[in-house]
Amino acid sequence: MGNNTQTTRNFIHSLNIVGTGIPLLTGVYNMNGFNTLTNNMVRVGIDQTGTAFTNSPIVRGIWHQNPTQSNYWHNTVLVAGAPAVGSAPTIGFDVSSSITGGQTLDVRNNIFANFASSTTPASGFNIGVRYQDSSRVNSNYNIIHTPGTGGVAGVINLSNSFYTLLGGD
């Protein structure tokens, strides 16, 4: 996604990986520039028949990997699966960059549901939202649900330190 773009009303689903190693599986990837994502539905970790993955990819519903402000409004993300090996995380909404001073990441009115549930010997967390840091983030009115084994509503920074959810989340 590029500068000053809008991504709206998409249904991204049935993404899955069959392979070895630690593959990446991402529904929406914002790597460059200001973007507004609204009213999108993302479903990752299960295939078109509803069968959950059991390998150990790093799974992200939405991945914001740039220091530029963006808006994420009214999106629905479902992460599913049953990781049976490894320590790779599954994440509904992942921000892996600190936002530049004077800019704001606006995350409002979204549903981030991570139903992935790790089975032994898998040890990865199943995270609702993960932020690099919480400064310059406006996060409010989001529903975050992580009922599976290893489920965590929120994590701040890449060292997996747990945090209290921001604002009204």
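In the predicted model, strand 2 and strand 5 (residues 41-44) run parallel and are joined by three bridges. Within this pairing, Leu15 has Val44 of strand 5 as its bridge partner. The two strands belong to an open sheet of five strands, arranged in the order 2-5-8-11-14 with parallel pairing. Strand 2 (11-15) and strand 14 (143-145) are the edge strands of this sheet, and each of them pairs on one side only. From one strand to the next, the twist averages 5°.

Further along the same order of strands, strand 8 and strand 11 are paired in the parallel sense over four bridges. Here Val77 has Phe112 of strand 11 as its bridge partner. Strand 11 also pairs with strand 14, again in the parallel sense, over three bridges. In that pairing Ala113 stands opposite His145 of strand 14.

Val79 is a residue of strand 8 (residues 76-79). With a relative accessible area of 0%, Val79 falls under the 20% limit and is therefore buried. Leaving out residues up to four places away in sequence, Val79 touches Val44, Val59, Gly61, Thr90, Ile91, Gly92, Ala113, Asn114, Phe115 and Ala116. Among these residues are Val44 and Ala113; Val44 is the bridge partner of Leu15, and Ala113 is the residue that stands opposite His145. Val79 can also be placed relative to Gly45: the two residues are 34 apart along the chain, and their C-alpha atoms are separated by 5.8 Å.

A second group of five strands also forms an open sheet with parallel pairing, in the order 1-4-7-10-13. Its edges are held by strand 1 (5-8) and strand 13 (137-140); each has a single partner strand, so one side of each is left without a neighbour in the sheet. On average, and with direction ignored, neighbouring strands of this sheet are turned by 5° against each other. Strand 13 is joined to strand 10 (residues 105-108) by four bridges, and these two strands run parallel. Asp106 stands opposite Asn138 of strand 13 in this pairing.

Asn66 is located in the loop that connects strand 6 (58-64) and strand 7 (70-73). Although placed in a loop, Asn66 is buried, its relative accessible area being 3%. A polar atom of the Asn66 side chain lies 2.8 Å from the backbone nitrogen of Thr68. When neighbours within four places in sequence are left aside, the contacts of Asn66 are with Asn30, Met31, Asn32, Gly33, Ser97 and Ile99.

Four aromatic pairs are found in a search of the whole structure. In one of them, the ring centres of Tyr29 and Trp63 are 4.7 Å apart and the ring planes stand at 35°, so the pair is tilted. Because Tyr29 lies in strand 3 (residues 24-30) and Trp63 in strand 6, the pair ties together parts that are 34 residues apart in sequence. The two residues fall into separate accessibility classes: Tyr29 is partly exposed, with a relative accessible area of 31%, whereas Trp63 is buried, with a value of 9%.

Phe93 and Phe112 make up another aromatic pair, which is stacked, with 5.2 Å centre to centre and 25° between the planes. Phe93 is in strand 9 (residues 90-95) and Phe112 in strand 11 (residues 111-114), so parts that are 19 residues apart in sequence are tied together by this pair. Both residues, Phe93 and Phe112, are buried. They are also members of one aromatic cluster, formed by Tyr72, Phe93, Phe112 and Tyr131. Phe112 thus takes part in the cluster as well as in the pairing of strand 8 with strand 11, where Phe112 is the bridge partner of Val77.

Trp63 has a further neighbour in Arg60, which lies over the face of Trp63 at 3.7 Å from the ring centre.

How values were computed: Residues are numbered from 1 along each chain as its sequence is written. This is a predicted model: local features need pLDDT of at least 70, side-chain atom pairs count only at pLDDT 80 or more; totals for chains, interfaces and linings use all residues. Side-chain values use heavy atoms; hydrogens and water are left out. Buried means under 20% relative accessible area, exposed over 50%, partly exposed in between (1.4 Å probe, protein chains only). A polar contact is a pair of N or O atoms within 3.5 Å; within protein, one must be able to donate a hydrogen and the other to accept it, and residues adjacent in sequence count only if both atoms are side-chain atoms. Contact means heavy atoms within 4.5 Å. Two strands pair if DSSP finds at least two bridges between them. Axes are lines fitted to C-alpha atoms, for helices over the stretch in contact, and angles run from 0 to 180 degrees between N-to-C directions. Rings of Phe, Tyr and Trp (its six-membered ring) pair if their centres lie within 6.5 Å; planes under 30 degrees apart count as stacked, over 60 as edge-to-face and the rest as tilted. A charge sits over a ring if NZ of Lys or CZ of Arg is within 6 Å of the ring centre and within 35 degrees of the ring normal.
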